[in-house]
Amino acid sequence: MSRTVVVAVDDGVLLLDVAGPLQVLHEAGGYRLRLASVTGSPVRTDVGLPLPVERALADVAGELDTLMVPGYPAAGFATDRSALVAGVRRLAPSARRVVSVCSGALLLARAGLLDGRRATTHWEACAALAEHFPQTTVVSDAMYVRDGPVVTSAGASAGIDLALALVGEDLGEERARAVARQLVVFLQRPGGQVQFRPPADDAPRHPLLRQASALVRDDPAADHRAASLARALAVSERHLGRLFRQELGVTPARFVEQIRVETAQQRLDGADEALPAVARRCGFGSAETMRRAFLRVLGIPPSAYRHRFRLPA
């Protein structure tokens, strides 16, 4: 039995958000793949290539298995696209499931489809999703999140991860594994999307937290236990902990760990430095302590991070 998948597209849609998942579903077989736009006219992707469209969203009829909503470049996150959102909102109840790729989650949220649900999106759009749609619980490190009939995925190539998961759900894990082998991709990618996010460069708003951040970044190997930071900033440990939780949602210890991991990432990206030396310079003390921190923060060990992201000599 073929399952009809309708991809709702508009001008500027990310080409990989469309092509990646559709290639997976095509390789798997058993899917009827359709492109639909607001007017039924072809659209241009973010790279300028046209996409042929078979019908208008208003003309989509019959049995609809999956409604897929791809994303748009960062410059278009705030774009209203009200007609597209209205079409998605109308079609969603007739679909067995609704999925988004990358920043397509913002369109689902505007359609009211993420209210009270857990969801993810590209790391660059997570803050916008959380800020503008507080009724949605944003899972910022996931490759994809399934909440009932709604499935959202992280950025661009994560649409491939999502599509493989859909194939596994519909046609079995063996079929999904065969497609992954054919396309030379992971069936399930190790770690979450946080490993791809560059180190944070946004300074905390509160001046005390900015001072704390500067202290840790200037010398990550120093003693930065909560009591030491509080003494250096001339505040109580309790007050400092409250500031961290209120503004950043983490304890001082977790904040220090995140900065040390970011610092270690930068060292692993470049110089061919032994892991124990990186660990000492970044304040972990030992390679094993650094490994555990990497697993907590990034979901992968330092050796795997270096293998994936190290710049060529």
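# Rings and helices at a glance

Both Phe-294 and Tyr-305 are buried (under 20% relative accessible area with a 1.4 Å probe, protein chains only). Phe-244 and Phe-255 are buried as well.

A quick note on where this comes from: the model is predicted, with local features needing pLDDT of at least 70, side-chain atom pairs counting only at pLDDT 80 or more, and totals for chains, interfaces and linings using all residues. Residues are numbered from 1 along each chain as its sequence is written, and side-chain values use heavy atoms, leaving out hydrogens and water.

Those four residues make up two aromatic pairs (ring centres within 6.5 Å; planes over 60 degrees apart are edge-to-face, under 30 stacked, the rest tilted).

| Pair | Centre to centre | Between planes | Type |
|---|---|---|---|
| Phe-244 and Phe-255 | 5.0 Å | 50° | tilted |
| Phe-294 and Tyr-305 | 6.2 Å | 70° | edge-to-face |

Phe-244 belongs to helix α9 (residues 237–248) and Phe-255 to helix α10 (residues 252–269), so their pair ties together parts 11 residues apart in sequence. Helices here are DSSP runs (H or I) of at least four residues. The other pair links distant parts of the chain too, with Phe-294 in helix α12 (residues 287–297) and Tyr-305 in helix α13 (residues 302–309), 11 residues apart.

Tyr-72 has a different sort of partner: the charged end of Arg-81 sits over its ring, 3.8 Å from the centre (CZ of Arg within 6 Å of the centre and 35 degrees of the ring normal).

Now for some helix packing. Leu-208, Gln-211, Ala-212, Leu-215 and Val-216 in α7 meet Leu-229, Ala-232 and Leu-233 in α8 (heavy atoms within 4.5 Å).

Note on methods:
Helices (H or I, at least four residues) and strands (E, at least two) are DSSP runs, numbered from the N terminus. Rings of Phe, Tyr and Trp (its six-membered ring) pair if their centres lie within 6.5 Å; planes under 30 degrees apart count as stacked, over 60 as edge-to-face and the rest as tilted. Buried means under 20% relative accessible area, exposed over 50%, partly exposed in between (1.4 Å probe, protein chains only).
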